[in-house]
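Please open the model in your viewer and keep the sequence panel beside it, since the tour below moves from one selection to the next.

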Amino acid sequence: MKKSRAENDNDVDAPIANRRELLAGAALAGLAMPLAGSALAESGHEHHGSHHKDLTKLALDCVGYGEACVAHCIKVLGTGDTSLTDCLVSVNAMLPMCATLARYAVTDAKRLKELARVCIDVCDDCAKECDKHAAKHEECKACGDACNACIKACRKLIAA
């Protein structure tokens, strides 16, 4: 039996949908380790690096507030308002840095202090950009505040 064009189009899209699902699953799996480590830290059952519980939480806060800021920036940019372009760029640079910092903190990775030094600079760039928009955009304020808290935790780690 011959398939209709719509059925053929659906067959063509199926692998793309599966790739999207695979990529979404991989992204979630990438966050699962720091999240699992954070849950372990909160339960008191973390065996390795439990002294980095606060840093892990603050780094993950940056990721969460950063994702909300990105979504807001994209929404504003969609209206034709380009005032948040630099904010979007700085938050996009911060997101992978803080996700990695959380993973390093959970595992008490060998180069945690070196990464924290870099993270301070990246979070500072993000906080400065978000602070420019904090009065008008609550997402930017929350992201900037989270970055400033993460910076303090990184400095505390480095000083220890």
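Begin with the whole protein chain, coloured by secondary structure: in this predicted model, the chain comes to five helices and zero strands, and along the sequence the elements follow the pattern α-α-α-α-α. If you then colour by burial, 36% of the 160 residues of the chain count as buried. Among contacts between residues at least 6 apart in sequence, 71% join residues at least 24 apart.

Next, select α2, residues 53–78. This helix has 26 residues and reaches 38 Å from its first C-alpha to its last, which is close to the 38 Å expected at 1.5 Å a residue. Show the side chains of its buried positions, which are L55, T56, A59, L60, C62, V63, G66, C69, V70, H72, C73 and V76. Just beyond the helix, pick out G80, which follows α2 and has a positive phi, near 100°.

Keep α2 on display and add α3, residues 85–107. How far apart are the axes of α2 and α3? The two axes lie 8 Å apart, and the helices pack at an angle of about 155°; because an angle over 145 degrees counts as roughly antiparallel, α2 and α3 are described as roughly antiparallel to each other. Their crossing is left-handed, and the residues of the contact between α2 and α3 divide into 21 nonpolar, four polar and one charged.

Now step back to the loop between α1 (5–43) and α2, and select H52 there. Is H52 buried or exposed? Its relative accessibility is 5%, so H52 counts as buried. Leaving out residues up to four places away in sequence, H52 touches A105, D108, L112 and L157, and you can display these four together with the histidine. For a distance to check in the viewer, take H52 and T107, which are 55 residues apart in sequence but 8.9 Å apart in space, C-alpha to C-alpha.

From here, move to the pair formed by α4 (residues 112–133) and α5 (residues 138–159), whose axes come within 8 Å and cross at roughly 155°. That angle makes α4 roughly antiparallel to α5. The crossing in which α4 passes α5 is left-handed, and the residues of this contact divide into 16 nonpolar, three polar and five charged.

While α4 is selected, find H133, which is placed in this helix. With a relative accessible area of 12%, H133 is buried. Which residues does H133 contact, once neighbours within four places in sequence are left aside? They are S83, L84, C87 and C140, and the last of these is also among the buried residues of α5.

Finish by selecting α5 on its own, a helix of 22 residues that reaches 32 Å from its first C-alpha to its last, close to the 32 Å expected at 1.5 Å a residue. The positions to show as side chains are C140, C143, G144, A146, C147, C150, I151, A153, C154 and L157, each of which is buried. L157 has already appeared on this tour as one of the residues that H52 touches. Bring α2, α3 and α4 back into view for the last picture, for the buried residues of α5 pack against these three helices.

Conventions
Residues numbered from 1 in each chain as written. Predicted model: local features only at pLDDT ≥ 70, side-chain atom pairs only at ≥ 80, totals over all residues. Heavy atoms only, no water. Axes fitted to C-alpha atoms, helices over the stretch in contact; angles between N-to-C directions. Helix = DSSP H or I, 4+ residues; strand = E, 2+ residues; numbered from the N terminus. Parallel < 35°, antiparallel > 145°, perpendicular 65-115°, else oblique. Left-handed = near helix turned anticlockwise from the far one by under 90°. Nonpolar A, V, L, I, M, F, W, Y, C, P; charged D, E, K, R; others polar. Expected span 1.5 Å × (residues − 1). Buried < 20%, exposed > 50% of the residue type's maximum accessible area, 1.4 Å probe, protein only. Contact = heavy atoms within 4.5 Å.
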